Amino acid sequence: MAKEYLYDLWVTDINANHVAKIHNDLVTTRVNTDDKPYGVCVDLNNVVWVTNTGADTVTKINSGSKISIAMPAGAKPYGICIDKNNAVWVANRGLNTVSK
């Protein structure tokens, strides 16, 4: 789960292969991703980043809720976070590594 702005949350649905934006307890947006989305975070520009552990990719979703890119991300990416410099960090379960 990741927080956007003050009131919106993003959650992954690993079985349905999408992420959902929740606002005021209602799902307002669903975005299909690659296989088995797991980790999600929102950067300082309100861009949503999702790890897809089944596809070994990271998906970037722009502020209009459109996928702008899906990129390779090691083996079985799970965790994802943003640091204070807005850099994306991914934990790869399959390789026991962290990448930037």
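Two strands are taken to pair if DSSP finds at least two bridges between them. In this predicted model, such pairing sets Val-42 opposite Val-48 in strand β6. The report below proceeds from the chain as a whole to its sheets, and then to individual residues.

**Overall architecture**

The secondary structure of the chain consists of zero helices and eleven strands. Read from the N terminus, the elements follow the succession β-β-β-β-β-β-β-β-β-β-β. The radius of gyration of the chain is 12 Å, which agrees with the value near 13 Å that a compact globule of 100 residues would have. Along the principal axes, the C-alpha atoms fill a box of roughly 40 × 30 × 20 Å. Of the 100 residues in the chain, 37% are buried. Among the contacts with a separation of 6 or more, 26% are made by residues 24 or more positions apart.

**The four-stranded sheet**

Four strands form an open sheet in the order β5-β6-β7-β8, with antiparallel pairing. Its edge strands are β5 (37-42) and β8 (67-72), each of which pairs on one side only. The twist from one strand to the next averages 20°. Strand β5 is joined to strand β6 (residues 48-52) by four bridges, and the two run antiparallel. It is within this pair of strands that Val-42 faces its partner, Val-48 in β6.

**The three-stranded sheet**

A further open sheet contains three strands in the order β9-β10-β11, again with antiparallel pairing. The edge positions belong to β9 (77-82) and β11 (97-99), since each pairs on one side only. Neighbouring strands of this sheet are turned by 20° against each other on average, direction ignored. Four bridges connect β9 with strand β10 (residues 88-92), and these strands run antiparallel. Within this pairing, Cys-81 stands opposite Trp-89 in β10.

**The β2-β3 hairpin and His-18**

Strand β2 (residues 8-13) and strand β3 (residues 18-23) run antiparallel and are joined by six bridges. Trp-10 has Lys-21 in β3 as its bridge partner. The hairpin of β2 and β3 has four residues between the strands, and Asn-17 takes a positive phi near 60° there.

His-18 is found in strand β3. With a relative accessibility of 11%, His-18 counts as buried, because it falls under the 20% limit. The side chain of His-18 makes a polar contact with the side chain of Arg-30, at 3.4 Å. Leaving aside residues up to four places away in sequence, His-18 touches Val-11, Thr-12, Asp-13, Arg-30, Val-31, Asn-32, Thr-33 and Pro-37. Arg-30 therefore appears both as a polar partner of His-18 and in the list of residues that His-18 touches.

**Cysteines**

The chain has zero disulfides. The sulfur of Cys-41 lies 6.7 Å from the closest cysteine sulfur, that of Cys-81, which is too far for a bond because a disulfide requires the two sulfur atoms to be within 2.5 Å. Cys-81 likewise is in no disulfide, its nearest cysteine sulfur being that of Cys-41 at 6.7 Å. As to solvent accessibility, Cys-41 is buried, with a relative accessible area of 7%, whereas Cys-81 is partly exposed, with a relative accessible area of 40%.

**Loop residues with positive phi**

Two loop positions have a positive phi although the residue is not a glycine. Lys-76 has such a phi, of about 55°, and is found in the loop between β8 and β9. Asn-86 has a positive phi of about 70°, and its place is in the loop between β9 and β10. Lys-76 counts as partly exposed, and Asn-86 is partly exposed as well.

**Relative accessibility of the residues discussed**

The table collects the accessibility values of the residues treated above.

| Residue | Relative accessible area | Class |
|---|---|---|
| Cys-41 | 7% | buried |
| His-18 | 11% | buried |
| Asn-86 | 21% | partly exposed |
| Cys-81 | 40% | partly exposed |
| Lys-76 | 42% | partly exposed |

Asn-86, at 21%, is partly exposed because the buried class covers values under 20%.

Technical notes. Residues are numbered from 1 along each chain as its sequence is written. This is a predicted model: local features need pLDDT of at least 70, side-chain atom pairs count only at pLDDT 80 or more; totals for chains, interfaces and linings use all residues. Side-chain values use heavy atoms; hydrogens and water are left out. Axes are lines fitted to C-alpha atoms, for helices over the stretch in contact, and angles run from 0 to 180 degrees between N-to-C directions. Buried means under 20% relative accessible area, exposed over 50%, partly exposed in between (1.4 Å probe, protein chains only). A polar contact is a pair of N or O atoms within 3.5 Å; within protein, one must be able to donate a hydrogen and the other to accept it, and residues adjacent in sequence count only if both atoms are side-chain atoms. Contact means heavy atoms within 4.5 Å. The radius of gyration is taken over C-alpha atoms; the globule rule is 2.2 Å times the number of residues to the power 0.38.
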